[in-house]
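Subject: The two-chain model to look at

Hi,

Here is the structure I said I would pass on. Have a look at it first, and then read on for what turned up.

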Amino acid sequence: MSNFLQPTILLLKDGTDTAQGKQHLIGNINACSFVVDTIRTTLGPRGMDKLINTGRYSTVSNDGATILDLLDIVHPAARTLVDIAKSQDAEVGDGTTTVVILAYELLKQAKKYIEDDVHPKIIIKSYRQAAQLCLKRIDEIAVKIDTTDKDKSLEMLEKCAGTALNSKLIASYKEFFSKIVVKAVTNLDQELLDLDLIGIKKVSGGAMQDSLFIDGVAFKKTFSYAGFEQQPKKFIKPKIALLNVELELKSEKTGAEVRIEDPQEYQSIIDAEWDIIYKKLDTIVKAGANVVLSRLAIGDLATQYFADRDVFCAGRVPEEDLNRLSKATGKQIQSTVSKLTHEMLGECDLMEEKQMGKERYNILSGFPHKSTSTIILRGGAEQFLNEMERSLHDSIMIVKRAIKNNTIVAGGGAIEMELSRYLIEHAKKIFGKEQILIEAFAKALEITPKQLAENAGFDAMAILNKLRKEHADPNPDKMWIGVDIDNEDVCDTFKTFVWEPSLIKRNAINAATEAACLILSVDQTVKNPNSSEEQNKQIQQQKQMLRPTRGARF
Amino acid sequence: MNIAFDEYGRPFIIMREQDMKERLTGPEARKANILIAVSLMNILKTSLGPKGMDKILVSPDGEITVTNDGATILDNMDITNEIEKLLVELSKGQDDEIGDGTTSVVVFAGALLEQAQKLLDKGIHPIRIADGYEHACKIAVEHLKKISSEITFDRENYETLITAAMTSVSSKVVNEFQRQLSEIAVKAVLTVADLERKDVRIDLIQVQGKTGGSLKDTQLIDGIVIDKEMSHPQMQKEVSDAKIAILSCPFEPPKPKTGYKLNIDSVEKYKKLQELEQKYFHDMVKLVKDSGANLVLCQWGFDDEANHLLYQNELPSVRWVGGVEMELIALATGGRIVPRFSELNEKKLGLAGHVKEIPLGTTNDNIIVLEKCSQKKAVCIFVRGGNKMVVDEAKRSLHDAICVTRNLIRDNKIVYGGGAPEISCSLAVSKAADEISTLEQYAIRSFADALDQIPISLAENSGLDPIETISNLKANQIKTNNPFLGVDCLGKGTENMKEQNVFDTLAGKIQQLLLATQMAKMILKIDDVILHHGQN
């Protein structure tokens, strides 16, 4: 009888969703499969693009991190995959698709062992061990490029940049773009490698090959007032004033009021105001500036004043461009002009206004500190330009990494096959459950060449078998055999210059293993009732009730 | 979207608002995309060439546009589909860079995709097709360069430029006056062009339109037109040897920008204030007079008192002149924009030989024309036409003609029009295709077929039998080895476009091929379309 009277114990709030156990873990893995299916086809030089429309904007992209971000995934386990893609993007900038696919493949391999009641912790332990082995092997076999030889190191960088562009829309011009990318990155200060100093501008119209590399800073003609066209548009060796000052006739203090007792004094107030602005303009011109650039507005009065004195001016210059100019000239951006002197002015070789498509661009080049550069991208449509920018970003990141880390491996699935072979060999020598699990890891690594071949429309199984056979050969010459995309065969991808910095692979394996382990270690999800809508309403109601009482105290 | 189920048979929620998302993948997605592009091409196709037809576009507010300019048509079609948007961007890209050929570029991109569909049905990988297209595009561009010719011109001899502009205008509704409009456009461009630097600032050509009159009355004014009238009806309407004060300050007592308060606590003070106010007006007029100006253009307004004073002092004046016009006037007359009366002096005045107010028709509508300006840095094209639609279309046609002229100044290479370069390229590309051993061969051959689309449409629009015409042309081009043979749209009796004097800029043609190929590649590469049906 007592059983009937026992009250139900409410542990969790009403509406909380819980799921647990082995089945839940399998469910999580299934959820991940959805995410991976979406981006699977983007891998490799024959990978496809996705068109994603989020309400108003639409994006065409091939970049794993971008696609996952736009999908707006909420499933907790699947989100882990999104996070590793993002972390890979932040850390190395490329290989975001690879890392997600690899992580899922690890989970997929683990799934059957979980169904066979292998404890997830054992799987995790073995996976970690396998990942360590992989990293060790990468270090062993990665090829070091001699950076003391300038030409060789440049070549290496260009090849790496090109590999990153392989799968992108601009792949057919990868030689062209990888040269631009390498030039831009090598132009930076080699210690800091501050990528903010590479400006990427997009101008619609024109073909891809019309894209430009500018050794300096370029920005779109800013909004200008009447009088601007009378200013000269070309300077050789100009003196540049970088300002953060509003050059406009305006009230000095908002809210201030002048009391005038005598109407006679009226004019003096007006004169005083004019004096302030004229003094500012005068100081700038006296300091010897030919080009005045300000982050804030330059009004019509100032524009005309400068036009009279053959000085070029541009107001509302984007902040990042001004910062880059500051770095390039080695001069500070002045936030007041009262003490502006000749020494505070920057210098460059040439300043010119040029037509780019429909826009006019101001181009400043030839700075004493060679540390900044601008890439002007041309292309038919806005979405196209955006995708170009993302692709170049990947490539730039790779070059940056490759400069710091000068060991490379061969792509096209070659390194994965080599690691897979190595793991299987190793697994045979150990005792215990780890053996089978490390083999599972090795199998998961094969996904990269498999997917590459599949995307290219090849018989993936046949290619994979060929690869396995080649790699089984102990001859070290066969180490870099990967998928040959052009001829539906296998080839030495090191010789065909599919090069990647070893760092990408290290990071990818690390991140994928971490993510897989994380998902494997979960056996229960407790999901609170949707807080965002219900609770927000409640909170707001409470706030509204609170407000009048607070006011009532006075 | 496809739904996955968890261990309890409940659907997974993987994405936010999953049920509002729609997804098309693989071949279906590609098929749908291509279908859209092709249908858009079919809309635009009929606008190609001198016998192309116009479209009426009615905006949501009921405003009507009649045009056959590709970019304008696409821009005014309320487009929601993603692929269509891409094509709209494509024609805009062509418009931004070249300014002409906006229809052809979309037609060509559509044709490329239409051909690609056939290859996809054969099971060729889309990227192989795209690669083949790119390869073919390179061949075509090289070939175009080979068959291009150079034209020569200078400031005095610009007949060739006019011919080029006429080709561009020929397809528009205004083509009755193509000679006149082209001449105007070319002269305007030459006036503002910097032939040494090969730079043309189109902004300096002002295109003003007014309904009334006929297109024939359209003229090039060596100076500036302001759509305003003298501020006082009795002011003199004509000024010869005008010395113009260009003012960016109002004709009224200046106001400090800082907040102020004037304390008037006695009658004397009040009187003084009034006196001062009067004095301001007098001083201003005096300063203007002293500088020697005999015409005042003011960016701001002035009240009746000032107006009267100006009239009394025989200073014709115009108020509320727009900022852009001010700038153009300053450039054309060599004057300076003056922000305050005290800075006015003789050096800052602009000079124009002749300024007059012209009444238009009977509508009590006046314009002010500044002619014979001292510096020839800005010009104005004044367009007249029976109704607003015609005026707008004439403006657009002039824009195209101006762009063509500018492109020729930048790069003086041309190809002959009438579909001749396309046919020639098509021949060259299909010849090259046979030498390629890989799968791309098919794609390259398709590229050649797509190239035929433009002459086919030209022939279709001209009422010729397209297949017969094109096959004859191809045969003749090979037989005579003459790449200038094109579609004789106007029935002039010769297929030789060189004799017909129909030509396009080389830069424009190359750009068309490159942009269309780029776009076809982008669309072919998409295999997954994820749409969000949210609030909108």
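One term before the rest: a salt bridge is a side-chain nitrogen of Lys or Arg within 4 Å of a carboxyl oxygen of Asp or Glu. Please also keep in mind that this is a predicted model.

So, where can you see a salt bridge? Try Arg201(B) and Glu353(A): their side chains meet in one, at 3.4 Å from N to O. That distance is within the 4 Å cut-off, and the count between chain A and chain B is 10 salt bridges. The helix that gives the most to the side of chain A touching chain B is H2 (residues 22–39) of chain A, with 10 residues. That side of chain A divides into 37 nonpolar, 34 polar and 27 charged residues.

Now for the interface as a whole. On chain A, 98 residues are in contact with 80 residues of chain B. Together the chains bury about 7700 Å², with 52% of it on carbon and sulfur atoms. Polar contacts turn up too: 32 residue pairs across the interface, both residues at pLDDT 80 or more.

The chains also share some strand pairing. Strand E2 (residues 49–54) of chain A runs parallel to strand E18 (residues 526–532) of chain B, and four bridges join them. To find the spot, look for Ile52(A), which stands opposite Ile530(B).

Next, a sheet inside chain A. In what order do its strands lie? The order is E4-E17-E20, in an open sheet of three strands with antiparallel pairing. Strands E4 (143–144) and E20 (499–501) of chain A are at the edges with a single partner strand each, so one side of each has no neighbour in the sheet. Helix H17 (residues 502–520) of chain A packs on this sheet, where it touches E17 and E20 of chain A, and its direction makes about 65° with that of E20(A). Between E4(A) and strand E17 (residues 407–410) of chain A there are two bridges. Lys144(A) has Thr407(A) as its bridge partner in E17(A).

Chain B has antiparallel pairs to look at as well. Strand E4 (residues 149–150) of chain B pairs with strand E16 (residues 413–416) of chain B over two bridges, and Glu150(B) has Lys413(B) as its bridge partner. E16(B) also pairs with strand E17 (residues 503–505) of chain B, over three bridges. There, the partner of Val415(B) is Asp504(B).

Cheers

Definitions and conventions:
Residues numbered from 1 in each chain as written. Chains lettered and ligands numbered in written order. Predicted model: local features only at pLDDT ≥ 70, side-chain atom pairs only at ≥ 80, totals over all residues. Heavy atoms only, no water. Contact = heavy atoms within 4.5 Å. Buried area = accessible area lost by both parts, 1.4 Å probe. Polar contact = N/O pair within 3.5 Å; in protein donor to acceptor, adjacent residues only side chain to side chain. Nonpolar A, V, L, I, M, F, W, Y, C, P; charged D, E, K, R; others polar. Pairing = 2+ DSSP bridges. Axes fitted to C-alpha atoms, helices over the stretch in contact; angles between N-to-C directions.
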